[in-house]
Amino acid sequence: MTRKNWGKGLLSFVLILSLGIAGCGMKKQTVSTDEKRENSQREIVIGFSQLGAESDWRSANTQSMKETFTSDKGYRLIIEDGQQQQANQIMAIRKFIQQDVDYIVLAPVTETGWDTVLEEAREAKIPVIIVDRKVDADGSLYQCWVGSDFNLEGKKAVEWLHQYLVSKDIPDNEVNIVDIQGTIGASAQIGRTNGLLEGVDKYGWNLLDMTVGDFTQAKGREVMEDFLKKYDNINVVYCENDNEAFGAIEAIEDSGKKVGSDIAAGDIMVISFDAVTKNTMKHILQDKITFAAGCNPHHGPRVEAVIQQLEAGKKPDKYSFVEERIYSHDATVPSIELNGTNYPVTVVTKDTMEEFE
Ligand code: GZL
């Protein structure tokens, strides 16, 4: 039973009860303790429009929602996979409205184009929670957003690279970077790309090229193969997620070149984002990925906290960011500072790997 059906049920129960009392002069009935407990334990139905299954991060994000919203805790979680197409996600939201779910959780593939369907959800009186990437829509159309500060992630990567280059006496004008971007228009892509562009502008690095890698390993490999055909002087690859980095590393090694942190010796340094799996930690331990900015996929517990607040009639914070670490192959740069905040670098060891699946 969804929230509103439960509400209709309660309304008809009260109507019958009042008619009964009026009709037969019954003593006023009170809802029994058991019925109160049953009402408070009604199943909460959640429709989750997940954008796809394109990356390890996405799989971890879906898993976090599944592990949080279990039936033994009184939830029914309905997940629709958008296969990275906004049209599929819009259809999923309309399906959830038809199903009269209690809450809609949306992980939007890109930021624009959501107003109409979010207005339909509002008309249906179904609260919407946005997770992960943001929507460029009227803030009154959703309860809140839970996710990452993607531009900060980009700034962290750029500041680490700057400190690393300084420590190795590598001149800024000898840094030749290519950017394998995420899905164009996704908040993660916008924030991470802008972080790099700010660094290129500030330090005078040579940004040779940038193009979309769609957060997938296959596309990351394809894009890197093209870059290697076009440029013979690449020494830094900025991959906007780990799966693109895995593909880029395959392409670089297949070309006979070496990935690693020793740029002066001719290595191509790979920088990445997400850092959610043991595989990524292994790549960092092996100096195949030299730096990775963590991006926390475990949104389930935070979404549950928001739903519990809403259930209790409380107003959640409109925007809440999740905490994230940064990882490196070595301790050349022990920490970075941005806007007065210090971010320690986790040097990846075999023990670090054990923290990941
Ligand atoms: C970031 C998320 C991005 C990840 C990618 O929060 O939106 O989408 O960085 C994923 O791995 O595909």
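Glutamate 250 is found in helix α9, where helices (H or I, at least four residues) and strands (E, at least two) are DSSP runs numbered from the N terminus. The model is predicted, so that local features were considered only at pLDDT of at least 70 and side-chain atom pairs only at pLDDT 80 or more, whereas totals for chains, interfaces and linings use all residues. Residues are numbered from 1 along each chain as its sequence is written, and side-chain values rest on heavy atoms, with hydrogens and water left out.

Glutamate 250 counts as partly exposed because its relative accessibility is 31%; buried means under 20% relative accessible area, exposed over 50%, and partly exposed in between (1.4 Å probe, protein chains only). Apart from residues up to four places away in sequence, glutamate 250 touches Gln217 and Arg221, contact being defined as heavy atoms within 4.5 Å. Glutamate 250 and arginine 221 are separated by 29 residues in sequence and by 6.6 Å in space, C-alpha to C-alpha.

Both of these partners are among the residues of α8 that meet α9. Two packed helices are described by the angle between their axes and the distance between the axes. Helix α8 (residues 217-230) packs against helix α9 (residues 242-254) at an angle of about 40°, with the axes 7 Å apart. That angle makes α8 oblique to α9. Axes are lines fitted to C-alpha atoms, for helices over the stretch in contact, and angles run from 0 to 180 degrees between N-to-C directions; angles under 35 degrees count as roughly parallel, over 145 as roughly antiparallel, 65 to 115 as roughly perpendicular and the rest as oblique. On the α8 side the contact involves Gln217, Gly220, Arg221, Met224, Glu225 and Leu228, and on the α9 side Asn243, Glu244, Phe246, Gly247, Ala248, Glu250, Ala251, Ile252 and Asp254. By class, the residues of this contact of α8 with α9 comprise six nonpolar, four polar and five charged (Ala, Val, Leu, Ile, Met, Phe, Trp, Tyr, Cys and Pro count as nonpolar, Asp, Glu, Lys and Arg as charged, and the others, Gly among them, as polar).

A second helix pair is formed by α4 (residues 86-99) and α5 (residues 115-123), which pack at an angle of about 10° with their axes 10 Å apart. Helices α4 and α5 are therefore roughly parallel to each other. Ile90, Ile93, Arg94 and Ile97 of α4 meet Thr116, Val117, Glu120 and Ala121 of α5. The residues of the α4 contact with α5 divide into five nonpolar, one polar and two charged. Glutamine 84 lies in the loop between β2 (75-81) and α4. Its relative accessible area of 21% places glutamine 84 in the partly exposed class. The phi of glutamine 84 is near 60°, a positive value in a residue other than glycine. Most residues other than glycine have a negative phi, and most peptide bonds are trans.

Eight strands form an open sheet of mixed pairing, in the order β7-β6-β8-β9-β10-β12-β14-β13; two strands pair if DSSP finds at least two bridges between them. The edge strands, each paired on one side only, are β7 (206-212) and β13 (335-338). The twist from one strand to the next averages 20°. Within this sheet, strand β8 (residues 236-239) pairs with strand β9 (residues 269-274) in the parallel sense over three bridges, and isoleucine 271 in β9 is the bridge partner of tyrosine 238.

Strand β9 is largely enclosed by the rest of the structure, because six of its six residues are buried. Its two faces are both covered, with Met269, Ile271 and Phe273 buried on one side and Val270, Ser272 and Asp274 on the other. Aspartate 274, in strand β9, counts as buried at 4% relative accessibility. The phi of aspartate 274 is near 110°, a positive value in a residue other than glycine.

Aspartate 274 is also one of the contacts of arginine 192, a residue of helix α7 (residues 187-203). At 2% relative accessibility, arginine 192 counts as buried. Leaving aside neighbours within four places in sequence, the contacts of arginine 192 are Phe150, Glu153, Gly154, Phe215, Tyr238, Glu240, Asn241, Phe273, Asp274 and Cys295.

For the protein chain as a whole, there are twelve helices and 14 strands. Of its 357 residues, 51% count as buried. Among contacts in the protein chain with a separation of 6 or more, 72% are between residues 24 or more positions apart.
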